[in-house]
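Reader: I would like the labels used for this model explained. Please set each value against its definition.

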Amino acid sequence: MTWAVFAQNLVNGLSLGSLYALVAIGYTMVYGILRLINFAHSNIFMLGAYMLFYADLMFRLPWWLSFVIAVIVTAIMGVIVERAAYRPLRQAPRISALISAIGVAYFIENLGLVVFGGRPKPFPVPAFFSKSYQLGSVYMANIAWVVPLLSGILLFGLMVLVYRTKVGLAMRAISHDMETSSLMSVDVDRIVAITFGVGSALAAAGGIMWGLKYPQINPLMGTVPGLKAFTAAVLGGIGSIPGAMIGGMLLGMLEIMLVASMPALSGFRDAFAFLVLIVILLARPSGLMGREYREKV
Amino acid sequence: MQIQHDPRRARLKLILTLLSLALSALAIWWANNNLSSYYLRILNLAGINAILAVSMNLIFGFTGLFSLGHAGFMAVGAYTCALLTLPMRSKQTIFLLAPLAWPFNAVTLPPFPAVLLAGLAAAVMAYLIGLPVLRLRGDYLGIATLGFAEIIRVVANNIPTITNGALGLKGIPSFANNLWWTWGWAAATVWVTSRLVNSVYGRSLLAVKEDEVAAEIMGVNLTYHKILSYVIGSAFAGVGGALMGSLVTAINPKTFGFMLTFNILIIVVAGGLGSITGSVITSVIYTVLLEALRPIESGWSIGPLHVPEIPGLRMVVFALVLLVIILFYQRGLFGGREFTWDGVLDWIDRKRNRKQEVAG
């Protein structure tokens with residue numbers, strides 16, 4: 001691998017990694033608070049891309065406005081999912097909530113197939129994003145730096161929200177102990193709804209940027225990135241926000257580098273993420289940044 | 001739990017068991033000869049789902065190992081059985097791009113030993129995977145086993161000399177399109193599982209599920225019991241996969257995606273964790289419901305209201321039904337309860353006593 005090719009792959013890995021990180025955050029935040037694997041998250045990711053598609057196609061809005069609207073609408077959908085399918089099960093066994101999540105995933109996926117149609121749709125990519133430059137011997141499209149930059153801004157905003165505001169304090173309190181924080185006059189229902197909204201907004205942004213990178217969208221587009229992002233969240237230590245970011249980056253980077261350095265193994269690309277996950281879990285059973293649970297006897 | 005030593009009741013239970021076995025055999029014989037192939041297919045699928053659900057219930061419901069690797073073991077079983085039962089001639093026509101590897105290019109087995117070997121192959125795989133992974137707890141175990149299942153699938157996609165890659169295998173002999181096969185294996189699964197969970201081993205599995213630390217202190221060998229349950233459950237998953245491959249006669253790596261595992265998980269949880277009865281009955285309900293919903297999407301009209309054909313609507317309605325069931329039966333349809341003759345007889349006794357009280 002020459003330096004130029006390496007640099008190119010580094011940029012690719014960075015943008016794939018930041019997308020995984022964006023989606024992984026949603027999994028990890030929900031898990032941190034409700035101990036629930038939100039399987040519908042990958043469908044929320046898909047909805048984000050479709051919302052932009054329709055905002056752009058039907059209302060002919062400027063691109064940035066479509067982006068904002070798509071993110072907001074998807075966030076609202078995430079909140080609705082929580083209200084309808086998860087809140088009634090908060091006192092139920094955890095596995096029931098998980099099945100409910102799978103049910104919601106089925107529901108959104110198949111509703112997507114019915115409403116949007118199964119045929120892939122061309123995603124609107126403004127000319128600005130696909131314009132490319134030549135830097136030395138490296139070709140770089142604008143999209144290559146826009147994705148990491150936008151993801152970075154969103155992740156920074158999230159960090160500020162979680163670690164510098166009252167809402168974030170409440171989130172961290174609930175993830176530590178829901179019952180006690182509700183006694184300390186934290187409005188649990190409201191904070192959980194906000195968590196779902198924020199997580200879904202990030203997933204929507206991730207879905208839209210995924211669409212920019214691979215401009216063909218279909219109702220099943222969320223499955224593979226969703227599963228990989230979840231893997232990233234677990235690998236980083238599920239429940240930990242910095243863990244999800246590190247996990248996402250690591251996974252995206254390793255995946256790109258594997259394919260680049262050993263093209264013969266590119267067929268195994270989708271298995272590689274899980275191999276990394278299993279190796280890391282065997283060394284650190286609760287992920288890289290996960291809380292260690294010591295059992296008291 | 002009370003143990004009753006009533007010889008009359010023991011004899012009555014034996015008679016009832018034999019009678020219901022004979023009735024089931026008669027029902028299977030009648031169905032095999034009289035039902036249309038469409039209904040037979042649904043019933044066969046229900047039987048296979050029952051095998052898969054009960055085996056997952058053993059791993060998850062009785063031992064508490066949150067494993068999402070079922071589809072992987074099914075894939076191992078399905079490929080093993082298909083490669084062993086495919087006749088030589090179709091092997092030659094299928095494997096055009098890359099020749100089939102030894103030993104599959106040399107042997108063709110009758111269905112029964114092939115299915116047994118499929119179960120064995122899945123069990124070996126479960127042992128190899130379980131040994132390192134079963135140390136993990138809770139959701140971490142779930143995602144690690146899910147990862148292994150996906151790895152199996154991706155590997156199957158990339159070894160054309162054994163699996164024929166993404167094209168898969170077709171023309172698999174359809175011996176499993178026969179209720180004796182599917183429900184016979186389902187009965188075997190239920191029998192083995194219920195014998196196991198009601199034995200000393202079963203008590204240990206329960207102890208592992210409830211509290212690993214406490215179980216270990218009481219002298220339960222954690223690794224041994226977890227592996228035991230995992231290997232047996234996965235062996236039946238392999239058998240289920242083998243039968244499914246034979247029923248649909250064509251398999252490829254996409255058949256064994258993780259959604260397949262989720263479908264079985266849905267059956268197990270909706271039926272009630274730790275209830276074999278629940279798993280079996282819910283398998284039937286689930287399979288029949290999916291088919292019964294088919295008319296919804298084919299278009300219908302009530303008076304002036306005309307609904308056009310909407311493909312895919314079936315799954316939307318199915319998901320809604322599932323959500324409603326989970327919201328209202330949070331512990332599954334059967335909770336942890338089982339159907340037993342003792343339960344039935346006690347219930348009859350209670351009824352009779354109440355009647356006597358009213359009469360007296």
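Reader: What phi does Arg60(A) take just after H2(A)?

Author: Arg60(A), just after H2(A), has a positive phi of about 55 degrees. The model is predicted, so local features need pLDDT of at least 70 and side-chain atom pairs count only at pLDDT 80 or more, while totals for chains, interfaces and linings use all residues. Residues are numbered from 1 along each chain as its sequence is written, and chains are lettered from A and ligands numbered from 1 in the order in which they are written.

Reader: What makes H2(A) a helix of close to the expected span?

Author: Helices are DSSP runs of H or I with at least four residues, strands are runs of E with at least two, and both are numbered from the N terminus. H2(A) covers residues 41–59, which is 19 residues. The expected span is 1.5 Å times one less than the number of residues. For H2(A) that is 27 Å, and the distance from its first C-alpha to its last is 26 Å.

Reader: How do you know whether H2(A) is mostly covered or not?

Author: A residue is buried if 20 or more other C-beta atoms lie within 10 Å of its own, exposed if 12 or fewer, and partly exposed in between, with C-beta atoms placed from the backbone. In H2(A), 15 of 19 residues are buried, and the helix is mostly covered.

Reader: Why is Arg35(A) called partly exposed, and why is Ser185(A) called exposed?

Author: Arg35(A) has 16 other C-beta atoms within 10 Å, so it is partly exposed. Ser185(A) has 7 C-beta neighbours inside 10 Å and therefore counts as exposed. Arg35(A) is in the loop between H1 and H2 of chain A, and Ser185(A) is in the loop between H8 (178–183) and H9 (188–213) of chain A. Neither is a glycine, yet phi is positive, about 55 degrees at Arg35(A) and about 60 degrees at Ser185(A).

Reader: Why are H1(A) and H10(A) called roughly perpendicular?

Author: Axes are lines fitted to C-alpha atoms, for helices over the stretch in contact, and angles run from 0 to 180 degrees between N-to-C directions. Angles under 35 degrees count as roughly parallel, over 145 as roughly antiparallel, 65 to 115 as roughly perpendicular and the rest as oblique. H1(A), residues 3–34, packs on H10(A) at about 70 degrees, with the axes 8 Å apart. H1(A) and H10(A) are therefore roughly perpendicular.

Reader: What classes do the residues of the contact of H1(A) with H10(A) fall into?

Author: They are nine nonpolar, two polar and one charged. Ala, Val, Leu, Ile, Met, Phe, Trp, Tyr, Cys and Pro count as nonpolar, Asp, Glu, Lys and Arg as charged, and the others, Gly among them, as polar. Two residues are in contact if their C-beta atoms, placed from the backbone, lie within 7 Å. Among those that meet are Tyr20(A) and Val23(A) of H1(A), and Pro225(A) and Lys228(A) of H10(A).

Reader: What makes H8(B) roughly antiparallel to H11(B)?

Author: The axes of H8(B), residues 179–197, and H11(B), residues 222–248, cross at roughly 175 degrees and come within 11 Å. That angle makes H8(B) roughly antiparallel to H11(B). Their contact has seven nonpolar, two polar and no charged residues.

Reader: Why is Val248(B) called partly exposed?

Author: Val248(B) has 18 other C-beta atoms within 10 Å, so it is partly exposed. Val248(B) belongs to H11 of chain B.
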